[in-house]
Amino acid sequence: MQTASEFVFKALKISEIQNPLRRIKLYPQDFELVNPNTKTCPVFRTDNDAKLVKKIYTKVPILENEGKKINPWLHTFKRGLFDMSNDTHLFTESPQNNTLPLYEAKMIHNFDHRFGSYESRGDERGFATLPETPIEKYQDSEYKVSPFYRVSESDVNQRIGEIWDKKWLIVFRGVTKALNERTAICTVIPKSGVGNSLSLIFLGKTNFLLHSCFVGNFNSIIFDYLTRQKMSGVNLNIFIVKQLPVIPPELYTPEDIKFISDRVLELVYTAWDMQPFAKDMGYDGEPFIWNPNRRALLRAELDAYYAKLYGLTRDELRYILDPADVYGVDFPSETFRVLKNNEIKQFGEYRTQRLVLEAWDNLFGS
């Protein structure tokens, strides 16, 4: 019979070691369940987090099980197309014919390929953040972000090779933190150069509506919560992503695909440079107007829907949104504290929590 070991993680005070909610028993099979590729120890703030995460892992398979050679999305990863240090000889700062933008992590956010731009940053590149895109530019469907560097289209094609022949790419931030407003940040960008602060994932499924479902899954608040249980530094490494539970393509019903892909399309296709993606989704209309309130509602509906797909209850969704809402302010765990505080400051309420729970009630009943 296997014996459990008892752990306390992220304790900053001696007294926290004595808190029974912080003391977590893990069996060897728990390592195998949560990190089957690396067999490393998962890190949880409380026993509640451990139990919830293990429940999800028993219901939803990881993205790629290397030992069993299970890869349901038939995917290939690539950590950037260009190294920002070693490939500088391939970069140019002046727009020229047959060159493409070089995207960096700070230029994207969830469902947003126009999050940051260098147009007002002068001649220096080394900024941790870029100015926020103003609403009037978001609402201009012709607006494109300005990169610091550009690269030749032929070099981009050479780096992609025969893996991908579409005019758009799925990327996610490789540099992030578990204490940011959001940790798992993914979007679709126009075919471009991609720096090593972003990772690309090429999905092998030929149904492109499923690609939008993958993007919706990656950006869901449930997936973000799971990612935070794995992050101990600032790098969302590919070995971490491979061991995250992702809804496999065969579990999506036609109704699921319709519900999710319609919303992801509206969130992603806000400018003409994303028209190739829209056409591959089967949509030939104009870009959708950038409406912050509408976008918040669409994202809340996706969050609620994915909570259901992950097999969660409403109370478990409440816990993921804010443990203090379920167990009180003294409960020794947090999930989206920065998001909550920022929204209270901006809107006078934790808007995401309200919208997601309202979406759950509208979709599935209270």
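**Helix α11 and strand β4**

Let me begin with what surrounds helix α11: its buried residues are covered by a set of elements that includes α6 (208-218), α7 (221-228), α9 (254-268), α12 (314-321) and α15 (351-364). Please keep in mind throughout that this is a predicted model.

Which residues of α11 are the buried ones? They are Arg 295, Ala 296, Leu 298, Ala 300, Glu 301, Leu 302, Asp 303, Ala 304, Tyr 305, Tyr 306 and Ala 307, and you will notice that charged residues such as Arg 295 and Glu 301 stand in this list beside alanines and leucines. As for the helix itself, α11 runs over residues 292-309, which makes 18 residues, and the distance from its first C-alpha to its last is 26 Å, close to the 26 Å expected at 1.5 Å a residue.

Now let us look at the two ends of this helix. At the N-terminal end, Asn 291 acts as a cap, with a side-chain oxygen 3.1 Å from the backbone nitrogen of Asn 293, while just after α11 we meet Gly 311, which takes a positive phi of about 80°.

My second topic is strand β4, which spans residues 99-103 and is mostly covered, since 5 of its 5 residues are buried. Which strands does β4 pair with, and in which sense? With strand β5 (residues 150-152) the pairing is antiparallel, over 3 bridges, and there Thr 99 stands opposite Ser 152. With strand β8 (residues 193-194), by contrast, β4 pairs in the parallel sense over 2 bridges, and in β8 it is Val 194 that serves as the bridge partner of Tyr 103.

Notes:
Residues are numbered from 1 along each chain as its sequence is written. This is a predicted model: local features need pLDDT of at least 70, side-chain atom pairs count only at pLDDT 80 or more; totals for chains, interfaces and linings use all residues. Side-chain values use heavy atoms; hydrogens and water are left out. Helices (H or I, at least four residues) and strands (E, at least two) are DSSP runs, numbered from the N terminus. The expected span of a helix is 1.5 Å times one less than its number of residues. Buried means under 20% relative accessible area, exposed over 50%, partly exposed in between (1.4 Å probe, protein chains only). Contact means heavy atoms within 4.5 Å. A polar contact is a pair of N or O atoms within 3.5 Å; within protein, one must be able to donate a hydrogen and the other to accept it, and residues adjacent in sequence count only if both atoms are side-chain atoms. Two strands pair if DSSP finds at least two bridges between them.
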